[in-house]
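Let's take a look at how a protein holds on to a small guest. Have the 3D view open while you read, and pick out each residue as it comes up.

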Amino acid sequence: MEFKKEWLEGVKAAREKAYTPYSKFKVGAYLIAKDGVTFDGCNVENAAYGDCICAERTALVSAIAHGYRPGDFEALVVTTDTENPSSPCGSCRQVIKELCDDEMPVFLTNINGDVIERTVDDLLPLGFSGRDLEDVK
Ligand code: THU
């Protein structure tokens with residue numbers, strides 16, 4: 001899928017909203033639904049460090065809270081201010097797999113505009129899903 005320039009502007013604006021008093025590491029996420037509606041995500045930190053929430057999950061949870069469902073999403077864009085685009089953590093990969101199609105593109109970017117494209121399945125190969133639960137003997 002072709003990466004749209006406007007998505008970089010969207011994800012950079014989402015990143016600006018990050019609440020990161022502890023790490024100062026701001027992450028932006030931008031989830032694009034198939035109907036064109038977009039959802040911003042940013043990381044939201046907490047003094048109890050384990051309760052920090054990642055940007056990717058913020059965007060996905062926001063979309064679900066607005067009534068969107070698996071199958072509704074076209075692409076996810078993530079950005080950081082790093083030399084190379086950084087990559088979603090394991091917990092985010094699991095939530096992305098739950099809510100997005102395996103073939104959906106995930107664009108890993110930095111604010112300079114470097115872009116790496118992967119699919120959900122690339123990020124979590126052989127991932128656990130609801131299909132495993134249905135396979136019980
Ligand atoms: N972070 C994200 O927002 N997404 C990831 O996939 C990796 C990590 C955030 C969590 C924390 O606020 C900061 O980056 C440093 O780990």
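A polar contact between the protein and the ligand is a pair of N or O atoms within 3.5 Å. Keep that cut-off in mind for what follows. One heads-up: this is a predicted model. In it, the ligand sits in the largest pocket.

**Who's around the ligand**
- Ten names to find here: the ligand is surrounded by Ser23, Phe25, Val27, Asn43, Glu45, Cys54, Ala55, Glu56, Pro88 and Cys89.
- Sorted by character, this shell has six nonpolar, two polar and two charged residues.

**Polar contacts**
- Asn43 has a polar side-chain atom 2.9 Å from an oxygen atom of the ligand.
- Glu56 uses its side chain too: an N or O atom there is 2.8 Å from a nitrogen atom of the ligand.
- With Cys89 it's the backbone instead, where an N or O atom lies 2.9 Å from an oxygen atom of the ligand.
- On its own the ligand has 370 Å² of accessible area, and the protein covers 76% of that.

**The pocket itself**
- The largest pocket holds about 220 Å³ of space.
- Its lining is made up of 16 residues, and those nearest the centre are Phe25, Val27, Asn43, Cys54 and Glu56.
- That lining splits into nine nonpolar, five polar and two charged residues.
- Helix H2 (55–65) and strand S3 (73–80) each chip in at least two of the lining residues.

Notes: Residues numbered from 1 in each chain as written. Predicted model: local features only at pLDDT ≥ 70, side-chain atom pairs only at ≥ 80, totals over all residues. Heavy atoms only, no water. Near = heavy atom within 4 Å. Polar contact = N/O pair within 3.5 Å; in protein donor to acceptor, adjacent residues only side chain to side chain. Areas by Shrake-Rupley, 256 points an atom, 1.4 Å probe, with all protein chains shown as cover. 1 Å grid on protein atoms, 1.4 Å probe; cavity = no way out; pocket = protein on both sides within 12 Å on 5 of 7 lines; lining within 4 Å. Sits in = over half its atoms within 2 Å of the grid points. Nonpolar A, V, L, I, M, F, W, Y, C, P; charged D, E, K, R; others polar. Points joined across faces, edges and corners; volume = space filled by probe spheres on them. Helix = DSSP H or I, 4+ residues; strand = E, 2+ residues; numbered from the N terminus.
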